[in-house]
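Look at the structure below and keep the sequence beside it. The text after it moves from the interior to some of the helices.

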Amino acid sequence: MFGEIGVYLLFLIVVYVVTAVFFRTLASFRFLFAIPKANMFALVTTFKNTDTKLTEGNGAGTVVNVIHGIPGKRINKSNHDPMQWLFEDGVEKRGLLYSLFGVVWIGPFRYLLKSKVRTFRLGREDKGTEYLDSPKDITSEFLFYSGEQLVTILDAETAGSFDLDFRINTIWEAKYPVRVVLKVADSIAFLSSAVKDKVNLFTGTHQPEEFLGDRYNENGKSTDSKTNSEAVKNELIKRVTDTCEQTEKEVGLSITAARLVSIDPDQAQFK
């Protein structure tokens, strides 16, 4: 009796493994199924794009779905316009095949859109100690739901006698995934431009010593306290994070956090 049960269990295991290999092989070729990747999403379309230059007529058909592997998020597709689909808090219902084999159904004659994204972040070489601006290009069918973008603002005008250079590190989320990929050619570049505009508008109404604080005092030109300097810098970061309303509406990106990496005076003007 126990021998028959053992044979039966072995048979079930073999069937499960063979079935899993079958489904996951299909998913590896993006045929009928796909395997979601952690903290990433992909747009499902009706036509396979030839390259990533979507703004030059190399379209990819109609967007019919969004698949993802983002922890704690679900895609809200209640709106008929894919540009309005958004990620919200919740658990995504992916079905039995995902629970058993880790694959999701995309359907026949459906393809994952290949896209290219460039970001700038703080990085260092393997044996290096200094963190520098590091560009990173990603060409993939799956794009990251969140990431960081280092925004460098050179010669930001102030109300004083010299300009300032800023480096601000932002953390963003792709709240509206279809909008992020298809609305403009480079949504990350739009985010950077929006942050730069916000910084320039803010610095133009402040004296440079309000940002430099004690560093400026060392040159004997101001008596502003470090406390006042920190308050102004905190307000600047708040203005940057408030940019999310604009970036969400225009390109689907939400700025969730920002950190002021550095502030430096224009050396040619600062004497």
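The paragraphs that follow describe a predicted model.

Start with the interior. In soluble globular proteins, nonpolar side chains tend to be buried together. The largest nonpolar core of this model has 40 residues, and the residues with the most contacts inside it are F41, F166 and I168. Take I168 as an example. Setting aside neighbours within four places in sequence, I168 is in contact with Q149, L150, V151, I153, V199, I237, V240, A258, R259, L260 and V261. A second core, separate from the largest one, has nine residues, among them A34, A42, I67 and I106.

Now turn to helix α4, which covers residues 187-203. Does its length fit what is expected of a helix, and what span should be found? At 1.5 Å a residue, its 17 residues should span 24 Å. The C-alpha atoms at the ends of α4 are 25 Å apart, which agrees with that expectation. The buried residues of α4 are S187, I188, L191, S192, A194, V195, V199, F202 and T203. These residues lie on the same side of α4, because they cover an arc of only 160° around the axis. At the N-terminal end of α4, D186 acts as a cap: one of its side-chain oxygens lies 3.3 Å from the backbone nitrogen of I188.

Helix α8 consists of residues 244-251 and contains T247. Is T247 buried or exposed? T247 is buried, because its relative accessible area is 0%, and buried means under 20%. The side chain of T247 reaches the backbone oxygen of C244 at 3.2 Å. Apart from neighbours within four places in sequence, T247 is in contact with F190, L191, A194, G252, L253, S254 and I255. Of these, F190, L191 and A194 fall within the residue range of α4.

The last stop is helix α7, residues 226-241. Two of its residues can be set side by side. S229, in α7, counts as buried because its relative accessibility is 3%. When residues up to four places away in sequence are not counted, S229 touches E210, F211, L212 and G213. K238 also lies in α7, but K238 is partly exposed, with a relative accessible area of 44%. That value puts K238 in the partly exposed class because the class lies between the buried limit of 20% and the exposed limit of 50%. The C-alpha atoms of K238 and A257 are separated by 9.0 Å, and these two residues are 19 residues apart along the chain.

Key. Residues numbered from 1 in each chain as written. Predicted model: local features only at pLDDT ≥ 70, side-chain atom pairs only at ≥ 80, totals over all residues. Heavy atoms only, no water. Core = buried A, V, L, I, M, F, W, Y, C linked by side-chain atoms within 4.5 Å. Buried < 20%, exposed > 50% of the residue type's maximum accessible area, 1.4 Å probe, protein only. Contact = heavy atoms within 4.5 Å. Helix = DSSP H or I, 4+ residues; strand = E, 2+ residues; numbered from the N terminus. Polar contact = N/O pair within 3.5 Å; in protein donor to acceptor, adjacent residues only side chain to side chain. Expected span 1.5 Å × (residues − 1). Arc of directions from axis to C-beta.
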